[in-house]
Number of protein chains: 2
Amino acid sequence: MGPEMTESRGRSVRSYNQYCAVARGLDVIGDRWTLLLVRNLLLGPKRYKDLLEGLPGIGTNLLAARLRELEDVGLLERAVLPPPAGSTVYRLTETGAALEPVLMAISRWGGRFLGRPRPEDALVPSAYFVALRAAFQPDVAAHLEETYEFRIAGSVFEVRVDGGVCSTREGEARNPDAVLTLSVETLDALLFEGLSPEDALSNGRVEVRGDPRALDRFLSVFDVRAAALAGMPG
Amino acid sequence: MGPEMTESRGRSVRSYNQYCAVARGLDVIGDRWTLLLVRNLLLGPKRYKDLLEGLPGIGTNLLAARLRELEDVGLLERAVLPPPAGSTVYRLTETGAALEPVLMAISRWGGRFLGRPRPEDALVPSAYFVALRAAFQPDVAAHLEETYEFRIAGSVFEVRVDGGVCSTREGEARNPDAVLTLSVETLDALLFEGLSPEDALSNGRVEVRGDPRALDRFLSVFDVRAAALAGMPG
DNA sequence: CGGAATCCTCTTCGATACTG
DNA sequence: CAGTATCGAAGAGGATTCCG
């Protein structure tokens, strides 16, 4: 007789108890850390440790609990990688991946509060590659078809632009037109501070294998700051 | 030195402390009840009491705290109605109204968990009129221009469809083509259970002033159940 | 070493009672 | 009507420990 709904593994979850799609959705994704967890998984399957590192501040117990809950409601599933890796990874189900429009909308709206990094802010590489999807300008990129590989602080990301569609994921790129090695700070400067590709290249802040002008083209199709200013429906 | 950010009125708010638009957005809208509060305000300014009734289960202290917080961060503002009403209402600022795409995305996604009402679910009329925006099919309604007034359980809502755009708000409609009086249960049956307009009218479950066939046209341009099934980006 | 369960403290939430 | 005050219950955060 409390405001609760009981769930498959016997844990009890708070519900708004309203017949409303928004309320039901928030019953599932409204808890702390949940959407950030999904954000990181949008870039591909991850191990427990990867998730823990990508969510600075989450407790190990809370991460374990969230993973269980989200598996129960069908947002993600456990998978075991084929040998020799053999490790367990968590990956989004179709239902979990369907949260992308929600994340994109929040990203565009949240941009207006972004400002510049505060001293206490962590710069999480994954976050940039999800933000890129929200900042992608399909009309500007209509005739661009190119694949980039970014190597940042021990992580590797693929960004693919093709026919007005942009996809990003963690992992090595297939047939990249350019492989760029740089720091998170340099990526940030390129995207948010207007650091010019030329300067970044000549200063050696970005190292390129492949066509050096790819960095220009890459930057031209994203507008992180515009996304930060407008609500950008659709 | 905890993971906090201090705010204008001295209250302390948990932050994810990540340089990420999603994280920053969630710092603002991630707390319990916040998005449902915004959902209700999307239909127009509301008094404290209206908000309290539209959010069954929220404590009065929590509602007051949320209103203060959201005013502080600039999502809503207090306004005093002109005499003779003179009462205080809360209304969304531009920043608050810019959350509509977020609410729409959550509504479309949350639909897949909606099912049928549970015994403990409240049927909040406001929720239906926000859901209608998410379920609107612009292409189907391209040539429809019509205004409806719905009278439900002491509340009045306006739904306007014009040139592929749908707007809904709480309050009397201006120049309605049809004024429909019905219960929440009947609205639910029409939208979710496939109750036919003809039956609803002949049974007297819906009372119409104006063109009775307006109810047909109204229902034809929304697909709540399709919105519930697909992720429906854009 | 990755993947958790446990324990403890602190904050937030929810319900009710009370006040301008 | 529009909130504030209070207090028990639930949830989050951090450190540590345990298991394979």
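Here are two short exercises, with worked solutions, on a predicted model of a protein with DNA.

**Exercise 1. Describe how the protein meets DNA strand C, from the residues around the strand down to single atom pairs.**

*Solution.*

Step 1: Start with the neighbours. There are 21 residues around DNA strand C, and those that come nearest are Tyr90(A), Arg32(B), Trp33(B), Asn61(B) and Arg66(B).

Step 2: Sort the surface by class. Near the strand you will find 8 charged, 7 polar and 6 nonpolar residues.

Step 3: Turn to the DNA side. Sugar or phosphate supplies 71% of the strand C atoms within 4 Å of the protein, and bases supply the rest.

Step 4: Look at phosphate oxygens of strand C. One lies 2.3 Å from a polar side-chain atom of Tyr90(A). Trp33(B) has a side-chain N or O atom 2.7 Å from a phosphate oxygen, while Gly57(B) places a backbone N or O atom 2.9 Å from one.

Step 5: Place this surface on the fold. Two or more residues each come from α3 (48–54), α4 (60–72) and β4 (88–92) of chain A, and from β2 (12–14) and α4 (60–72) of chain B.

**Exercise 2. Work out what lines the second largest pocket.**

*Solution.*

Step 1: Note the volume, which is about 690 Å³.

Step 2: Find the centre. Of 32 lining residues, the closest to it are Gly30(A), Arg32(A), Gly30(B), Asp31(B) and Arg32(B).

Step 3: Trace the elements. Chain A gives two or more residues from each of β2 (12–14), α1 (21–29) and α2 (34–41), and chain B does so from β2, α1 (21–29), α2 (34–41) and α4.

Step 4: Finish with the classes: 15 nonpolar, 11 charged and 6 polar residues make up the lining.

Terms used: Residues are numbered from 1 along each chain as its sequence is written. Chains are lettered from A and ligands numbered from 1 in the order in which they are written. This is a predicted model: local features need pLDDT of at least 70, side-chain atom pairs count only at pLDDT 80 or more; totals for chains, interfaces and linings use all residues. Side-chain values use heavy atoms; hydrogens and water are left out. A residue is near a molecule or strand if one of its heavy atoms lies within 4 Å of it. A polar contact is a pair of N or O atoms within 3.5 Å; within protein, one must be able to donate a hydrogen and the other to accept it, and residues adjacent in sequence count only if both atoms are side-chain atoms. Helices (H or I, at least four residues) and strands (E, at least two) are DSSP runs, numbered from the N terminus. Ala, Val, Leu, Ile, Met, Phe, Trp, Tyr, Cys and Pro count as nonpolar, Asp, Glu, Lys and Arg as charged, and the others, Gly among them, as polar. On a 1 Å grid over the protein atoms alone, a cavity is a set of points where a 1.4 Å probe fits but cannot get out, and a pocket is an open set with protein on both sides within 12 Å along at least five of seven lines; lining residues have an atom within 4 Å of a point. Grid points are joined across faces, edges and corners, and a volume is the space filled by probe spheres set on the points.
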